[in-house]
Amino acid sequence: MATIRRLQDVDAPAVAGIIERCLREVNSRDYPIEIIERMCGHFTEHRVRELATQREMYVAEADGIVGTVSRDGNKVYTMFVHPSVAGRGIGRQLMRHIEALAAADGHDHMETGASISAHDFYRRLGYVDVRSTDTDFGLNFILRRSLP
Ligand SMILES: CC(C)(COP(=O)(O)OP(=O)(O)OC[C@H]1O[C@@H](n2cnc3c(N)ncnc32)[C@H](O)[C@@H]1OP(=O)(O)O)[C@@H](O)C(=O)NCCC(=O)NCCS
């Protein structure tokens, strides 16, 4: 089990590093190199710090930072788990953490925009497709899950 906590300013380089590793090693299987490069250019340390002022950003820690997720109310953003620890339940733990916070705020559902690479991960967690959308970062799926 990882520990989930709010992102601090000093975490920005580690989080930007995880995002880049995911993009280059995982998402690159599903998206063309131009889109991967655009996304890597977008998610810099500076951008991570900026996003942290606009959303609640969380990190998963287990011998260092191994994953991140953020939320704005019931909307999910920037869900990334370091490829070296993928498949160990860290993504699920991060999602359940922010879902509990959204439910406590009174939201009745959670909504996420999923990459092709993460589509089946969200479905495994109980999310259902609402629609697909073409963005500057390629094809994305909008999914929702009811909150208790
Ligand atoms: C998608 C991602 C966040 C999943 O994180 P993770 O820690 O590996 O996921 P978990 O181990 O918590 O997996 C939870 C369940 O989903 C399944 N799962 C995880 N990734 C999956 C995938 N890509 N396809 C199908 N199932 C997947 C797991 O097998 C597990 O199923 P179980 O209920 O049978 O145990 C991670 O692989 C990642 O960062 N990918 C690249 C970046 C990305 O695309 N992020 C999302 C941007 S929208």
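# A guided tour from strand β1 to the ligand site

Begin with R5 and E61: their side chains form a polar contact of 3.1 Å. The model on display is a predicted one, and each stop below names what to select and what is found there.

**Stop 1: R5 and its surroundings**

Keep R5 selected and show the secondary structure; R5 belongs to strand β1, which covers residues 3-6. Its partner E61 is 56 residues away along the chain, yet the two C-alpha atoms are separated by 7.8 Å. Next, display the residues that R5 contacts, leaving aside neighbours within four places in sequence: D11, M57, Y58, V59, E61 and I65.

**Stop 2: D63, in the loop after β2**

From E61, proceed along the chain to D63, which is placed in the loop between β2 and β3 (65-72). The backbone deserves inspection here: phi of D63 is near 60°, a positive value in a residue other than glycine. Is D63 buried or exposed? With a relative accessible area of 88%, D63 is exposed, because that value is over the 50% cut-off.

**Stop 3: T78, in strand β4**

Select T78, a residue of strand β4. T78 also has a positive phi, of about 40°, although it is not a glycine. T78 has a relative accessibility of 10% and therefore counts as buried, the cut-off being under 20%. Show its side chain together with that of S70, and a polar contact of 2.6 Å between them appears. What else does T78 touch, not counting residues up to four places away in sequence? Besides S70, the list holds F43, L51, R55, M57, T68 and V69.

**Stop 4: helix α3**

L51, one of the residues touched by T78, leads to helix α3, residues 45-54. Colour R47, V48 and L51, which are buried in this helix. Looking down the axis of α3, one finds these buried residues within an arc of 100°, so they line one face of the helix. The general geometry of an α-helix is relevant to this view: with 3.6 residues a turn, residues three or four places apart point the same way. Now turn to the other side of α3, where H46 and T53 are exposed. To see what the buried residues of α3 pack against, display helices α1 (12-25) and α2 (33-42) together with strands β2 (56-61) and β4 (75-81).

**Stop 5: M39, in helix α2**

Helix α2, one of the elements packed against α3, contains M39. M39 has a relative accessibility of 15% and so counts as buried. Outside its neighbours within four places in sequence, M39 is in contact with L23 and F137. A distance label between the C-alpha atoms of M39 and F80 reads 13 Å, for two residues that are 41 places apart in sequence.

**Stop 6: the ligand**

Select the ligand and the residues around it. How many residues surround the ligand, and which are the closest? There are 22 such residues, and the closest are M79, G87, G89, G91 and R92. Three distances to oxygen atoms of the ligand can then be drawn. From N27, a polar side-chain atom lies 2.8 Å from a ligand oxygen. From G91, the atom concerned is a backbone N or O, also placed 2.8 Å from an oxygen atom of the ligand. From S115, a side-chain N or O atom is 3.0 Å from a ligand oxygen. With a surface displayed, consider the cover that the protein provides: the ligand taken alone exposes 920 Å², and the protein buries 74% of that.

**Stop 7: helices α4 and α5**

Select A100 in helix α4, residues 90-104. A100 counts as partly exposed, at 47% relative accessibility. Its C-alpha atom is separated by 8.2 Å from that of L147, a residue 47 places away along the chain. Then move to H119, in helix α5 (residues 119-124). H119 is buried, at 10% relative accessibility. Not counting residues up to four places away in sequence, H119 touches A114, D129, F141 and L143.

**Last stop: the annotated span**

Finally, select residues 2-148, which UniProt lists in an unreviewed entry as "domain: N-acetyltransferase". This span is 37% helix and 33% strand, and its end C-alpha atoms lie 24 Å apart.

Key
Residues numbered from 1 in each chain as written. Predicted model: local features only at pLDDT ≥ 70, side-chain atom pairs only at ≥ 80, totals over all residues. Heavy atoms only, no water. Buried < 20%, exposed > 50% of the residue type's maximum accessible area, 1.4 Å probe, protein only. Helix = DSSP H or I, 4+ residues; strand = E, 2+ residues; numbered from the N terminus. Arc of directions from axis to C-beta. Contact = heavy atoms within 4.5 Å. Polar contact = N/O pair within 3.5 Å; in protein donor to acceptor, adjacent residues only side chain to side chain. Near = heavy atom within 4 Å. Areas by Shrake-Rupley, 256 points an atom, 1.4 Å probe, with all protein chains shown as cover. UniProt positions renumbered as here; feature names shortened; annotations may be inferred.
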